[in-house]
Amino acid sequence: QVQLVESGGGLVQPGGSLRLSCAASGNFFNIAGIGWYRQTPGKQRESVAFITTGGVTNYSDVVKGRFTISRDNTKNTVYLQMNSLQSEDTAVYYCRVIQGLQIYWGQGTQVTVSS
């Protein structure tokens, strides 16, 4: 099993920045990578960014160039640096791993972009 705990959300003004953290614990066998997702009320959860165990990254078009995903293997933590935040980025942000046939989610952290 894998446990994921997100942190770092909050209220930020448009144009501001936040860094989210996803701390992982448990058994990391057969995990290809960790992804960040976000969800707003009434909408499906959408992929934001992904990083493989080898450090290869992938971003959705809406955040490419503004968000950066990274990992610190010594701390078993994945980060999401979010710059130039816009009101459309307001959402609950989750991290996710897939281990075999199991999908694990964190509890989410709220990001609100508002003046």
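## Exercises on strands and a pocket

β4 and β5 form a hairpin with 6 residues between them, and G42 in its turn has a positive phi of about 80°. The model you are looking at is predicted, so let's work through it in that spirit.

**Exercise 1.** Find how β4 and β5 pair, and name the bridge partner of W36 in β5.

*Solution.* Start with the sense of the pairing: β4 and strand β5 (residues 46-52) run antiparallel, with 6 bridges. Next, follow W36 across to β5, where its bridge partner is A49. Finally, look at the turn of this hairpin, where G42 has the positive phi.

**Exercise 2.** Carry on from β5 to β6: how many bridges join them, and which residue between the strands takes a positive phi?

*Solution.* First, count the bridges: β5 and strand β6 (residues 57-59) pair over 3 of them, in the antiparallel sense. Then pick out a bridge pair to check on screen: F50 has N58 in β6 as its partner. Last, inspect the hairpin, which has 4 residues between its strands; here G55 takes a positive phi near 95°.

**Exercise 3.** Work out the strand order of the open sheet that has 4 strands, and explain why β1 and β7 each have one side without a neighbour.

*Solution.* Strands of a sheet pair through backbone hydrogen bonds, either parallel or antiparallel. In this open sheet the order is β1-β3-β8-β7, and the pairing is antiparallel. Now look at the ends: β1 and β7 are at the edges with a single partner strand each, so one side of each is left without a neighbour in the sheet. Neighbouring strands of the sheet are turned by 20° against each other on average, ignoring direction. To see one pairing up close, take strand β3 (residues 18-26) and β8, which share 6 antiparallel bridges. Within that pairing, C22 has V78 in β8 as its bridge partner.

**Exercise 4.** Describe the largest pocket: what is its volume, which residues lie nearest its centre, and which element gives the largest share of the lining?

*Solution.* Rolling a probe the size of a water molecule over the atoms shows where empty space is left. For the largest pocket, the volume comes to about 190 Å³. Its lining has 15 residues, with A24, F28, I34, R71 and N76 nearest the centre. Two or more lining residues come from each of β1 (2-7), β4 (31-39), β7 (67-72) and β8 (77-82). The largest share, 3 residues, belongs to β4. Sorting the lining by class gives 8 nonpolar, 5 polar and 2 charged residues.

Methods: Residues are numbered from 1 along each chain as its sequence is written. This is a predicted model: local features need pLDDT of at least 70, side-chain atom pairs count only at pLDDT 80 or more; totals for chains, interfaces and linings use all residues. Side-chain values use heavy atoms; hydrogens and water are left out. On a 1 Å grid over the protein atoms alone, a cavity is a set of points where a 1.4 Å probe fits but cannot get out, and a pocket is an open set with protein on both sides within 12 Å along at least five of seven lines; lining residues have an atom within 4 Å of a point. Grid points are joined across faces, edges and corners, and a volume is the space filled by probe spheres set on the points. Ala, Val, Leu, Ile, Met, Phe, Trp, Tyr, Cys and Pro count as nonpolar, Asp, Glu, Lys and Arg as charged, and the others, Gly among them, as polar. Two strands pair if DSSP finds at least two bridges between them. Axes are lines fitted to C-alpha atoms, for helices over the stretch in contact, and angles run from 0 to 180 degrees between N-to-C directions.
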